[in-house]
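I sat down with this entry to see how its parts fit together. Here are my notes, in the order I looked things up.

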Amino acid sequence: EVGASASPEHGLAELHVHIEGTLEPELILELAERNNIDFPHSDLDELRARYEFTELQSFLDLYYANMDVLRTAEDFSDLARAYLARAARAGVTRAEFFFDPQAHVVRGVPLTEVVEGLSDAVAAAHREFGVDAAMIASIVRDHPVPDAHEILGELLRLQAPIIGLGLDSAEVGYPPSLFEDVFARARAEGLRITAHAGEEGPPEYVWQALDLLGAERIDHGIRSLEDPALVARLVDEQIPLTACPLSNVRLRVVDSLAVHPLRRMLDAGLAVCVNSDDPAYFGGYVDDVFAALHDQLGLTVDERNTLARNSIRAAFT
Ligand code: ADE
Ligand code: ZN
């Protein structure tokens, strides 16, 4: 059976998932009530009706608005536990999830609440869910550059148990080059580096992520295909690309799953793996991604196994 979970005998890593993007509508309403927040869309159907996107920014607007219900360490812990339980059911054995510290600090949520809640869930993940979990702090690239320096400093000062630093949010107009110094400091502190690049932005941003930030993985990277010299480099150095096919369809990076270049990426020898990105927003968790690829792209057992093997190889372990 091809559709369901991926290669359970060898494991599956999910390396590109934003924990705030796993915030399901039901949990939004539950947390709004628990925290006495007058949430503007208090009805599930009314909330769900808003999950229609035209590009990355239209998604980000809802993603940041919905986060308002996340206030306490308990909220963040509940959020991460719900994801890890669901990821385990999807066959995930290793999860490296992003969180956006700046998105919470700007709302007045103390960084300690965020880090304590998430790290509680991570510490218990192996025992509770059989998932080996780790956290990657992500720089919100459309916030001021000095904020990025400040949040990295705070994370280091708190000795937050993060394994790496990422770069996300609105891409076009916010090139990796802006953050060269922030990532140099992260590398000097021993953090692993990954960056969103080539999702909506040009191949040039992928080059910058590699050469200026020292990225060891590229998140999305789908637009790399427009630049043959870049593809050659990515293949040569076997730099992992964490593709998110359902996200690409919902954010209209591609017209449909049937025309997604995933197979072209595999055939080119790119070290690609598949991930859910923001599963509460884009139609499913990583088992749903594999099932959709089977149904709509005719993904074979061999291809599925290659994707799973690539994910394990690309993990920061
Ligand atoms: N933050 C959450 N999901 C994202 C995505 N797909 N691209 C950029 N930033 C994000
Ligand atoms: Zn992402």
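Which residues of β5 are buried on one side, and which on the other? I found R192, T194 and H196 on one side and I193, A195 and A197 on the other, and all of them are buried, so I noted both faces as covered. A reminder to myself that this is a predicted model. The count for the whole strand says the same thing: β5 runs over residues 192-197, and 6 of its 6 residues are buried. The split into two sides fits the general pattern, since side chains in a regular strand alternate between the two faces of the sheet.

**Neighbours of β5**

Next I looked up what β5 pairs with. Strand β4, residues 162-168, pairs with β5 in the parallel sense over 2 bridges. In one of the places I checked, G164 has R192 of β5 as its bridge partner. I then followed the chain from β4 to β5 and found that the path goes through helix α8, residues 180-188, in a right-handed β-α-β crossover.

Strand β6, residues 217-220, also pairs with β5 in the parallel sense, over 4 bridges. Here I wrote down two positions: A195 stands opposite I218, and A197 stands opposite H220. From β5 the chain reaches β6 through helix α9, residues 203-211, and this crossover is right-handed.

I kept going along the chain. β6 pairs in the parallel sense with strand β7, residues 241-243, over 2 bridges, and D219 has T242 of β7 as its bridge partner. Helix α10, residues 228-236, joins β6 and β7 in a right-handed β-α-β unit.

**The whole sheet**

In what order do the strands of the open sheet stand? I read it as β1-β2-β3-β4-β5-β6-β7-β8, which makes 8 strands with parallel pairing. β1 (13-14) and β8 (272-274) are at the edges with a single partner strand each, so one side of each has no neighbour in the sheet. I also checked a pair elsewhere in that order: strand β2, residues 94-99, and strand β3, residues 132-140, pair in the parallel sense over 6 bridges. Within that pair, E96 stands opposite A134.

**Helix α7**

I tested whether the length of α7 makes sense. The helix has 13 residues, 145-157, and at 1.5 Å a residue they should span 18 Å; the end C-alpha atoms are 19 Å apart, which agrees. Which residues of α7 are buried? My list is A148, I151, L152 and L155. Looking down the axis, I saw that these buried residues fall within an arc of 100°, so they line one face of the helix. The face turned away from them carries the exposed residues P146, G153 and R157.

Just past this helix I stopped at P161, in the loop between α7 and β4. P161 is partly exposed, because 13 other C-beta atoms lie within 10 Å, and a residue has to have 12 or fewer to count as exposed. I also compared P161 with S276: they are 115 residues apart in sequence and 23 Å apart in space, C-alpha to C-alpha.

**Two positive phi values**

I looked up two residues other than glycine that have a positive phi. N36 has phi near 50° and lies in the loop between α1 (25-34) and α2 (44-48). D277 has phi near 65° and sits in the loop between β8 and α13 (279-282).

Is each of them buried or exposed? N36 is exposed, because 7 other C-beta atoms lie within 10 Å. D277 is buried, because 31 other C-beta atoms lie within 10 Å.

**Around ligand 1**

D277 came up again when I turned to ligand 1, as one of the residues that surround it. The full list I copied down is H18, G21, L56, Y63, D168, S169, H196, E199, S247, D277 and D278. H196 is also on my β5 list, among the buried residues there. How many nonpolar, polar and charged residues does the shell have? By class I noted 2 nonpolar, 5 polar and 4 charged residues.

Conventions:
Residues numbered from 1 in each chain as written. Chains lettered and ligands numbered in written order. Predicted model: local features only at pLDDT ≥ 70, side-chain atom pairs only at ≥ 80, totals over all residues. Near = placed C-beta within 6 Å. Nonpolar A, V, L, I, M, F, W, Y, C, P; charged D, E, K, R; others polar. Buried ≥ 20, exposed ≤ 12 C-beta atoms within 10 Å, placed from the backbone. Pairing = 2+ DSSP bridges. Right-handed = clockwise from strand over helix to strand, strands pointing away. Expected span 1.5 Å × (residues − 1). Arc of directions from axis to C-beta.
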